[in-house]
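Here's a walk through one protein chain, going from its sheet to its cores and then to its charged pairs. Have the viewer open and follow along.

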Amino acid sequence: MYDAEDRIVTVEEMATVIRAKRSESDSRVHLAGSWTAARPDGDADTLVRRLSEALGGFPVDGSDGFLWLSAAGELRTTHQAFSVWKTGPYAVERGADVLMPLVAGWTGDFEDRFASEGNAAAVVRAGVGHDVFMLCPQRARASFERAAEMGSAIGAYNAGLMYADTGDHATAIAWLEKARALGEPKAGAALVRLGEPPAAVQPGP
């Protein structure tokens, strides 16, 4: 899950938002996005399961494939093995269904170009594309690291969270410290969650 600036949104952050907005009449949460209720590799550790657990067992459902959005706002999913489009930004005819993960996914093919132009934010977006469309977190993480080396605080933050998610806390802390130094406002709290003492988390320059 990513916010409007391509920063990873953690399950805990999403749960906090839902708890604040949920009314007494709400009986379940629908997590709209690609592969939220299933994983292509068959692993049971889905976003839906993790979010439900963070909400104390509150029911959560989602999507079991790539998410499409119609002009009328209707959602559907597909399980295609691969997709083909002409080179360049993703575009559809007016009124046609939009393959939501490809909105960011097309950028993955242009990562090297973005890097050569010094566009760190676009390299981060390419990383998002590798994650949400190519379904390759390893390539996404490499893109975030590349963007961080170009000075992107969000790239460093995303890389840190992805390492934390794999259990590599030492590497996660290193990237999150870099994110903090680059000015990422969420890095300090992420470091504390990983066990770094609050006193050791100094504000960045």
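**Starting at the sheet**

Leu-69 has Leu-75, a residue of strand E4, as its bridge partner. Before going on, some bookkeeping: this is a predicted model, where local features need pLDDT of at least 70 and side-chain atom pairs count only at pLDDT 80 or more, while totals for chains, interfaces and linings use all residues. Residues are numbered from 1 along each chain as its sequence is written, and side-chain values use heavy atoms, with hydrogens and water left out. The E and H labels are DSSP runs numbered from the N terminus: strands (E) have at least two residues, and helices (H or I) at least four.

Back to that bridge. Strand E3 (residues 66-69) and strand E4 (residues 75-78) run antiparallel and are joined by 4 bridges; for two strands to count as paired, DSSP has to find at least two bridges between them. Another residue to click on is Trp-68, whose bridge partner in E4 is Arg-76. Together E3 and E4 make a hairpin with 5 residues between them, and in the turn Gly-73 has a positive phi of about 90 degrees.

What does E3 do with strand E5 (residues 98-99)? Those two strands also run antiparallel, joined by 2 bridges, and here Trp-68 stands opposite Leu-99 of E5. Put the pairings together and you get an open sheet of 3 strands in the order E4-E3-E5, with antiparallel pairing. E4 and E5 are at the edges with a single partner strand each, so one side of each has no neighbour in the sheet. As a general reminder, strands of a sheet pair through backbone hydrogen bonds, either parallel or antiparallel.

Now for the packing. A nonpolar core here is a set of buried Ala, Val, Leu, Ile, Met, Phe, Trp, Tyr and Cys residues joined through side-chain atoms within 4.5 Å. Buried means under 20% relative accessible area, exposed means over 50%, and partly exposed is in between (1.4 Å probe, protein chains only). The largest such core has 38 residues, and Leu-99, Phe-144, Tyr-157, Leu-161, Trp-175, Leu-176 and Leu-194 are those with the most contacts inside it. At least two residues of this core come from each of E3, helix H3 (100-105), helix H4 (111-116), helix H5 (120-132), helix H6 (137-149), helix H7 (153-165), helix H8 (169-181) and helix H9 (187-193). H7 gives the largest share, 8 residues. There's also a second, separate core of 10 residues, which includes Ala-15, Val-48, Leu-51 and Leu-55.

Phe-144 is a handy place to zoom in. Leaving out residues up to four places away in sequence, Phe-144 touches, among others, Tyr-2, Val-124, Val-128, Ala-159 and Met-162, where contact means heavy atoms within 4.5 Å.

Next, look at Asp-6, in the segment before helix H1 (11-21). Is Asp-6 buried or exposed? Asp-6 counts as buried, because its relative accessibility is 9%. Its side chain makes a polar contact with the side chain of Arg-125 at 2.9 Å. A polar contact is a pair of N or O atoms within 3.5 Å; within protein, one must be able to donate a hydrogen and the other to accept it, and residues adjacent in sequence count only if both atoms are side-chain atoms. Again not counting residues up to four places away in sequence, Asp-6 touches Val-124, Arg-125, Val-128, Ile-154 and Asn-158.

Finally, the salt bridges. The rule asks for a side-chain nitrogen of Lys or Arg within 4 Å of a carboxyl oxygen of Asp or Glu, and by this rule the count is 14. One of them joins the side chains of Lys-186 and Glu-13 (3.1 Å, N to O). That pair links distant parts of the chain, 173 residues apart: Lys-186 is in the loop between H8 and H9, and Glu-13 is in helix H1. Lys-186 is partly exposed at 30% relative accessibility, whereas Glu-13 is buried at 19%.

Arg-50 forms a salt bridge with Asp-165, with the closest N and O atoms 3.1 Å apart. Here Arg-50 of helix H2 (residues 47-54) and Asp-165 of helix H7 are 115 residues apart. Asp-165 is exposed, with a relative accessible area of 53%. Last of all, Asp-3, Glu-5, Arg-7 and Glu-184 are linked in a network of salt bridges.
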